[in-house]
Amino acid sequence: MFLILPVGVDYQTRRYPMVTFTLIGINAAVYLISLVCRIVGGEEVTRWIFDNLWLTPARSPVSAYVTTWFVHGGLFHLLGNMAYLFLFGACVEDTIGRAKFVGFYFLGGLAADFLHVLFTP
């Protein structure tokens with residue numbers, strides 16, 4: 001598998017990327033909580049997490065359109081996504097502002113959800 005990880009960006013933020021760090025914290029917390037629950041609860045809890053937090057078209061609750069933004073398939077999936085969020089999210093947040101960045105994150109998440117639904121049989 002070929003993986004490209006950025007090592008930095010040529011941009012110096014002017015303010016603390018509060019939203020970016022909050023999103024990273026939420027993602028990490030959801031991953032750690034779900035990992036502990038899967039270890040303790042076994043297959044039944046793993047199935048519940050998959051059915052209720054991941055987006056499975058025609059089967060998931062409406063809340064899964066938001067919760068799926070914060071669940072990850074494994075540690076490397078989480079770390080890769082958080083590396084990009086840290087490097088590029090901080091720059092985008094600084095450039096467009098915190099409120100617009102939250103909107104951008106939510107619109108990007110919804111766009112990903114709808115594309116997933118569109119292309120999933």
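**A helical model and its salt bridges**

Arg 98 has a relative accessibility of 28% and therefore counts as partly exposed. This residue belongs to a predicted model, and it offers a convenient point of entry into the charged pairs of the structure. The side chain of Arg 98 meets that of Glu 93 in a salt bridge, with a separation of 3.4 Å from N to O. On the other side of this pair, Glu 93 counts as buried, because its relative accessibility of 1% is under the 20% limit. The contact thus joins a buried acid to a partly exposed base.

The overall architecture may now be set out. The protein has five helices and zero strands, and its pattern along the sequence is accordingly α-α-α-α-α. The C-alpha trace spans about 45 × 30 × 30 Å along the principal axes. Of the 121 residues, 30% count as buried. As an illustration of separation within the chain, Phe 114 and Gln 12 are 102 residues apart in sequence, and their C-alpha atoms are separated by 34 Å. Phe 114 itself lies in helix α5, where its relative accessible area of 49% makes the residue partly exposed.

Side chains of opposite charge can pair when their charged atoms come close. The structure holds four salt bridges in total. One of them connects Asp 94 with Arg 15, whose closest N and O atoms are 3.5 Å apart. This pair links distant parts of the chain, since Asp 94 sits in helix α4 and Arg 15 in the segment before α1, 79 residues apart. Asp 94 is buried, at 3% relative accessibility, whereas Arg 15 is partly exposed, at 36%.

A further salt bridge is found within helix α2, which covers residues 43–52. Here Asp 51 pairs with Arg 47, and the closest N and O atoms are 3.0 Å apart. The two residues are four positions apart, about one turn of the helix. Both partners are partly exposed: the relative accessible area is 26% for Asp 51 and 40% for Arg 47. These two residues also take part in a network of salt bridges that includes Arg 59.

The nonpolar side of the surface can be examined next. Val 36, Ile 39 and Val 40 make a nonpolar surface patch of about 330 Å². Of these residues, Ile 39 is placed in helix α1, which runs over residues 18–41. Ile 39 has a relative accessible area of 64%, which is over the 50% limit, and so the residue is exposed.

Open and enclosed spaces complete the description. The largest pocket contains about 530 Å³ of space. Its lining comprises 23 residues, of which Trp 69, Asn 81, Tyr 105, Gly 108 and Gly 109 lie nearest the centre. Helices α4 (75–96) and α5 (98–119) each supply at least two residues of this lining. As for enclosed space, a search of the whole structure finds one cavity of 30 Å³ or more. The largest cavity holds about 40 Å³, and it is lined by Ser 34, Arg 38, Ile 49, Trp 54, Val 71 and His 72.

A final point concerns cysteine. The structure holds zero disulfides. Cys 37 is partly exposed, with a relative accessibility of 34%, while Cys 91 is buried, at 14%.

Terms used: Residues are numbered from 1 along each chain as its sequence is written. This is a predicted model: local features need pLDDT of at least 70, side-chain atom pairs count only at pLDDT 80 or more; totals for chains, interfaces and linings use all residues. Side-chain values use heavy atoms; hydrogens and water are left out. A disulfide is a pair of cysteine sulfur atoms within 2.5 Å. Buried means under 20% relative accessible area, exposed over 50%, partly exposed in between (1.4 Å probe, protein chains only). Patches are made of residues with over 30% relative accessible area and no salt bridge: like charges are joined within 9 Å, nonpolar side chains (Val, Leu, Ile, Met, Phe, Trp, Tyr) within 5 Å. Accessible areas come from the Shrake-Rupley method with a 1.4 Å probe; for residues, only the protein chains shown count as cover. On a 1 Å grid over the protein atoms alone, a cavity is a set of points where a 1.4 Å probe fits but cannot get out, and a pocket is an open set with protein on both sides within 12 Å along at least five of seven lines; lining residues have an atom within 4 Å of a point. Grid points are joined across faces, edges and corners, and a volume is the space filled by probe spheres set on the points.
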